[in-house]
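Subject: Structure handover

Hello,

Here is the structure I promised to pass on. Please open it first, then read the notes below.

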Amino acid sequence: MSTIIIDPANLVYAKPELMNDEEMHYCPGCSHGVVHKLIAEVISEMDLREKTIGIAPVGCAVFAYNYLDIDWQEAAHGRAPALATAVKRLLPDRMVFTYQGDGDLAAIGTAETIHAANRGENIAIIFINNGIYGMTGGQMAPTTLPNMKTSTSPDGRDINENGHPLKILDLLAKLDGVCLATRQSVHTAASVKKAKRMIRKAFENSMENKGTSIVEIVSTCSSGWKMTPAQSNDWMVENMFPAYPLGDLKNI
Ligand SMILES: Cc1ncc(C[n+]2csc(CCOP(=O)(O)OP(=O)(O)O)c2C)c(N)n1
């Protein structure tokens, strides 16, 4: 039998050293796993393993602490930016980031998010916007699109009754405490690379105490949206991107 020698230059994928062998619970096509990988890679590349404290949310990513071998704290639903505030103020030399879904960040945690950003807390916020409450069965979120069907809006979101999709990144970008507000995605190789660059920038900002950074990742939820992973990506491009355009809203 011949030995196969892999040239690192030709390596398409390598498991980040900070990701352990725990089997992930995410559904096929879910964006959470890809973003976890990017976070693990960036922390390694910045040599920040011993300096990082992640704040886990309530939502599908509640088990993020099971997959990435870094220090974590678990927050009550929506309270991650408040907990991150305390951690970063007590340990100002650490890189502190929250990882939150749209239900966590833009519904139950709206107040904590806005006030932490307005105070300019030196934290990074990774915001997974899949337009739905994934973990609890696909209920309508503030970010749900008009006419989008969810388990609590089976005829589609009625904007007269339920309001418009909440573009919380646009609100946050206007706050003086915010140094980075960027909207990215992870559905193509090119978008994954860009998202990774912005996660790195957010982590650098936390280390340099520049203020609050928010990296929104427009994401899919095949189970909640009742679509295949491939259909979800197409639906996201056609429907989510016009409502949540990708790019930097603020980067100073
Ligand atoms: C105080 C409180 N209220 C409600 C819940 C129920 N709950 C758990 S996860 C969740 C929604 C999470 O949705 P999101 O933040 O969008 O994350 P996703 O699951 O889509 O990744 C809700 C409402 C809870 N655990 N605690």
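How many salt bridges does a search of the whole structure find? The count is 12. Bear in mind that this is a predicted model. Several of the salt bridges are worth a look, so I start there.

**Salt bridges**

Begin with Asp-93 and Lys-51. They form a salt bridge, and their closest N and O atoms are 3.0 Å apart. This pair ties together distant parts of the chain, with the two positions 42 residues apart. Asp-93 sits in the loop between α3 (80-90) and β3 (95-101). Lys-51 sits in the loop between α1 and β1. Asp-93 is partly exposed, at 37% relative accessibility. Lys-51 is also partly exposed, at 32%.

Next, Arg-79 and Glu-112. Their side chains meet in a salt bridge, at 3.3 Å from N to O. Again the pair links distant parts of the chain, 33 residues apart. Arg-79 lies in the loop between β2 (71-74) and α3. Glu-112 belongs to helix α5, residues 110-119. Arg-79 is partly exposed, with a relative accessible area of 33%.

Then Glu-121 and Arg-89. Here the N to O distance is 2.6 Å. This salt bridge too links distant parts of the chain, 32 residues apart. Glu-121 is in the loop between α5 and β4 (124-129), and Arg-89 is in helix α3. Is Glu-121 buried or exposed? Glu-121 has 5% relative accessibility, so it counts as buried. Its partner Arg-89 counts as exposed, at 55%.

There is also a network. Lys-37, Glu-41, Glu-45 and Lys-196 are joined into one by salt bridges that share partners.

**Cysteines**

Which cysteine sulfur is closest to that of Cys-221? It is the one in Cys-60, at 6.1 Å. A disulfide needs the two sulfur atoms within 2.5 Å. The 6.1 Å between Cys-221 and Cys-60 is therefore too far for a bond. Across the structure, the number of disulfides is 0. Cys-221 is buried, with a relative accessible area of 10%. Cys-179 is buried as well, at 3%.

**A negative patch**

Now the surface. Glu-17, Asp-47, Glu-50 and Asp-71 form a negative patch there. Where is Glu-50? Look in the loop between α1 (32-45) and β1 (52-56). Glu-50 counts as exposed, because its relative accessibility is 66%. Asp-47 is found in the loop between α1 and β1. Asp-47 counts as exposed, with a relative accessibility of 66%.

**Backbone angles**

Asp-47 deserves a second look. Its phi is near 55 degrees, a positive value in a residue other than glycine. Why point this out? Because most residues other than glycine have a negative phi.

Lys-226 is another case. Its phi is positive, at about 60 degrees, although Lys-226 is not a glycine. Find Lys-226 in the loop between α9 (222-225) and α10 (229-243). Lys-226 counts as exposed, at 69% relative accessibility.

**Two distances along the chain**

Finally, two pairs of C-alpha atoms.

What separates Asn-147 and Arg-157 in space? They are 10 residues apart along the chain, and their C-alpha atoms are separated by 4.4 Å. Asn-147 is in the loop between β6 (139-140) and α6 (159-162). Asn-147 counts as exposed, at 61% relative accessibility.

Ala-86 and Ala-75 make the other pair. They are 11 residues apart in sequence. In space they are 12 Å apart, C-alpha to C-alpha. Ala-86 is in helix α3. Ala-86 is partly exposed, with a relative accessible area of 36%.

**Where to look first**

Start with the salt bridge between Glu-121 and Arg-89. One partner, Glu-121, is buried, whereas Arg-89 is exposed. Then go to the loop between α1 and β1. Glu-50 of the negative patch is there. Asp-47, with its positive phi, is there too. Lys-51, the partner of Asp-93, also lies in that loop.

Best wishes

Note on methods:
Residues numbered from 1 in each chain as written. Predicted model: local features only at pLDDT ≥ 70, side-chain atom pairs only at ≥ 80, totals over all residues. Heavy atoms only, no water. Buried < 20%, exposed > 50% of the residue type's maximum accessible area, 1.4 Å probe, protein only. Patch = residues over 30% accessible without salt bridge, like charges linked within 9 Å, V, L, I, M, F, W, Y side chains within 5 Å. Areas by Shrake-Rupley, 256 points an atom, 1.4 Å probe, with all protein chains shown as cover. Salt bridge = Lys/Arg side-chain N within 4 Å of Asp/Glu carboxyl O. Lys, Arg positive; Asp, Glu negative; His and termini not counted. Charge placed at Lys NZ, Arg CZ, Asp CG, Glu CD. Helix = DSSP H or I, 4+ residues; strand = E, 2+ residues; numbered from the N terminus.
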